[in-house]
Amino acid sequence: AELRAQQEGLAESRTAAEVLYAEKCTALEGQREVVVSGASKLEEQITGATARVANLEAEVVEAGAEIEKLTGELETATSTRTEMKEGLIRAREQYASETKNRDEQRAQVVAIAAAVDSEKATLEMHEKQLEDLRNDIMERQGERGQFKNG
């Protein structure tokens, strides 16, 4: 009877252990499903993140190309600006040179006009002297005529 009581106790312990084992297996199965579901979600997130990284890499490449394009345009604009600046400097120098030449020509015209005025005055003075001489000659001839006639 004691042996039977021990066997029954062992059977109950075994049944309790089997129930506990089944419960643990069920709990572990539930945890495994949670882990598998979590792993699946993580894989989806990794896939999405990988796609976003690929998109960002493509955007970086596009931005790099745009930067290179803009850099080229900037270099062209800078070169054009430099050429325009140099052209402006040359134009200013030419204008200054032409202005100096015009000023020199004006000074020459003024000097020539002064010389012409001086020559004109001299000519007028000589004409006056000639007129005076003519008048003197005419007077003297008139006086001679009086002497001849008188």
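**Exercise 1. A pair around Glu29**

Which side chain meets that of Glu29 in a salt bridge? Work it out on this predicted model, then place both residues and judge their exposure.

Solution.
- Step 1. Find the partner. The side chain of Glu29 meets that of Arg32. The N to O distance is 3.1 Å.
- Step 2. Test the contact. A salt bridge needs a Lys or Arg side-chain nitrogen within 4 Å of an Asp or Glu carboxyl oxygen. At 3.1 Å, N to O, the contact of Glu29 and Arg32 is a salt bridge.
- Step 3. Place the residues. Both Glu29 and Arg32 sit in helix α1. They are three residues apart, about one turn of the helix.
- Step 4. Judge exposure. Partly exposed residues fall between the buried limit, under 20%, and the exposed limit, over 50%. Glu29 has 34% relative accessibility, so it is partly exposed. Arg32, at 47%, is partly exposed too.

**Exercise 2. Two further salt bridges**

Determine how many salt bridges the structure holds. Then describe the one between Arg14 and Glu18 and the one between Arg134 and Glu131.

Solution.
- Step 1. Count. The structure has five salt bridges.
- Step 2. Recall the principle. Side chains of opposite charge can pair when their charged atoms come close.
- Step 3. Take Arg14 and Glu18. Their side chains form a salt bridge with an N to O distance of 3.3 Å. The two residues are four apart in helix α1, so about one helical turn separates them.
- Step 4. Classify this pair. Arg14 is exposed because its relative accessible area is 58%. Glu18 reaches 42% and is partly exposed.
- Step 5. Take Arg134 and Glu131. Their side chains meet at 3.2 Å, N to O. These two are three residues apart in helix α1, so about one helical turn lies between them.
- Step 6. Classify this pair. Arg134 is partly exposed at 49% relative accessibility. Glu131 is partly exposed at 35%.

**Exercise 3. A nonpolar patch**

Identify the nonpolar surface patch that includes Leu130. Give its area, and state where Leu130 lies.

Solution.
- Step 1. List the members. Leu130, Leu133 and Ile137 make up the patch.
- Step 2. Give the area. Together they have about 280 Å² of accessible area.
- Step 3. Place Leu130. It belongs to helix α1, which covers residues 2-149.
- Step 4. Check its exposure. Patch members need over 30% relative accessible area. Leu130 has 47% relative accessibility and therefore counts as partly exposed.

**Exercise 4. Overall form**

What is the secondary structure of the protein? Test the model against a compact globule of 150 residues.

Solution.
- Step 1. Count the elements. There is one helix and there are zero strands.
- Step 2. Compare radii of gyration. A compact globule of 150 residues would come near 15 Å. The protein has 63 Å.
- Step 3. Read the spans. The C-alpha trace extends about 215 × 20 × 15 Å along its principal axes.
- Step 4. Check burial. Of the 150 residues, 0% are buried.
- Step 5. Add the surface. The protein exposes about 13700 Å², with 58% supplied by carbon and sulfur atoms.
- Step 6. Add the charges. There are 20 positive and 31 negative side chains. The centres of the two sets lie 11 Å apart.

**Exercise 5. Distances along the chain**

Find the C-alpha separation of Thr122 and Glu2, and that of Ala111 and Cys25.

Solution.
- Step 1. Take Thr122 and Glu2. They are 120 residues apart along the chain, and their C-alpha atoms are 172 Å apart.
- Step 2. Describe Thr122. It lies in helix α1. Its relative accessible area of 28% makes Thr122 partly exposed.
- Step 3. Take Ala111 and Cys25. The chain separation is 86 residues, and the C-alpha separation is 125 Å.
- Step 4. Describe Ala111. Helix α1 contains this residue. Ala111 is partly exposed, with a relative accessible area of 45%.

Technical notes:
Residues are numbered from 1 along each chain as its sequence is written. This is a predicted model: local features need pLDDT of at least 70, side-chain atom pairs count only at pLDDT 80 or more; totals for chains, interfaces and linings use all residues. Side-chain values use heavy atoms; hydrogens and water are left out. Patches are made of residues with over 30% relative accessible area and no salt bridge: like charges are joined within 9 Å, nonpolar side chains (Val, Leu, Ile, Met, Phe, Trp, Tyr) within 5 Å. Accessible areas come from the Shrake-Rupley method with a 1.4 Å probe; for residues, only the protein chains shown count as cover. Buried means under 20% relative accessible area, exposed over 50%, partly exposed in between (1.4 Å probe, protein chains only). The radius of gyration is taken over C-alpha atoms; the globule rule is 2.2 Å times the number of residues to the power 0.38. Lys and Arg count as positive and Asp and Glu as negative; His and the chain ends are not counted. The place of a charge is taken as NZ of Lys, CZ of Arg, CG of Asp or CD of Glu.
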